[in-house]
Amino acid sequence: MNFNNKAKAENTYDAIVVGTGISGGWAAKELTEKGLKTLVLERGRDVKHIKDYPTMNLNPWELPHDDQVPAEERKDYDVQLRTGYTIKESTKHWWVKDTEHPYTEVKRFDWIRGYHVGGRSLLWGRQSYRLSEMDFE
């Protein structure tokens, strides 16, 4: 029988970061670079940048239903559809279905969720705006 008498020291962290989106990923980077022993927790799947982007090279007109989710599927994304921009045929594979991951609202709260490493930082909508002079001031 093996006994790990260093278990407490090995499982003690200076910081715990929950989520690997833009904020969590940046926080983990900064904390580890400062020498803190950091644990990062993520509930989602790891994203492989070739196979997990099935619609990346398709234009909206090349997708079924002109990039709109069919009416029978829309019921699965009731809350996430409130924004008007999240659930599209080209991006629905990134978002959780509200029917599978419900939450209780006391008052309206549009919790747009995608469970994967990198969070919503991966969902930039294929848009990159040119920086202006004001961005460098």
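This tour proceeds through the structure selection by selection, stating what is found at each stop.

**Before selecting**

The structure is a predicted model, in which local features require pLDDT of at least 70 and side-chain atom pairs count only at pLDDT 80 or more, while totals for chains, interfaces and linings use all residues. Residues are numbered from 1 along each chain as its sequence is written, and side-chain values use heavy atoms, with hydrogens and water left out.

**Colour by confidence**

Colour the model by pLDDT, the predictor's confidence in each residue, from 0 to 100. The protein averages 86, and 93% of the residues score at least 70. Next select helix H1, residues 7-10, which has the lowest mean pLDDT among the elements, 72. Strand S1, residues 15-18, has the highest, 96. Helices (H or I, at least four residues) and strands (E, at least two) are DSSP runs numbered from the N terminus. Where pLDDT is low, the predicted coordinates should not be read in detail.

**Tyr 13 and its surroundings**

Select Tyr 13, in the loop between H1 and S1. Its relative accessible area is 31%, so Tyr 13 is partly exposed (buried means under 20% relative accessible area, exposed over 50%, partly exposed in between, with a 1.4 Å probe and protein chains only). Add Ile 16, Val 18 and Leu 41: together with Tyr 13 they form a nonpolar patch on the surface, with about 390 Å² of accessible area. Patches are made of residues with over 30% relative accessible area and no salt bridge; like charges are joined within 9 Å, and nonpolar side chains (Val, Leu, Ile, Met, Phe, Trp, Tyr) within 5 Å. Areas come from the Shrake-Rupley method with a 1.4 Å probe; for residues, only the protein chains shown count as cover.

Now show Lys 37, whose charged end sits over the ring of Tyr 13, 5.2 Å from its centre. The criterion is NZ of Lys or CZ of Arg within 6 Å of the ring centre and within 35 degrees of the ring normal.

**Trp 111 and its partners**

The structure holds 2 aromatic pairs. Select one of them, Tyr 103 and Trp 111, an edge-to-face pair with 5.2 Å centre to centre and 70° between the planes. Rings of Phe, Tyr and Trp (its six-membered ring) pair if their centres lie within 6.5 Å; planes under 30 degrees apart count as stacked, over 60 as edge-to-face and the rest as tilted. Tyr 103 is partly exposed at 23%, and Trp 111 is partly exposed at 37%. Add Arg 113, whose charged end sits over the ring of Trp 111, 4.8 Å from its centre.

**Salt bridges**

A salt bridge is a side-chain nitrogen of Lys or Arg within 4 Å of a carboxyl oxygen of Asp or Glu. The count comes to 12.

- Select Asp 52 and Lys 51, with closest N and O atoms 3.7 Å apart. Asp 52 is buried at 11%, whereas Lys 51 is exposed at 61%.
- Select Glu 73 and Lys 92, bridged at 2.8 Å. Glu 73 lies in helix H3 (residues 71-74) and Lys 92 in the segment after H3, so the pair ties together parts 19 residues apart in sequence. Glu 73 is partly exposed at 22%; Lys 92 is buried at 18%.
- Select Arg 82 and Asp 110, which meet at 2.8 Å, N to O. The two residues are 28 residues apart, each in the segment after H3.

Finally, add Glu 105 and Arg 108 to the last selection: Arg 82, Glu 105, Arg 108 and Asp 110 are linked in a network of salt bridges.
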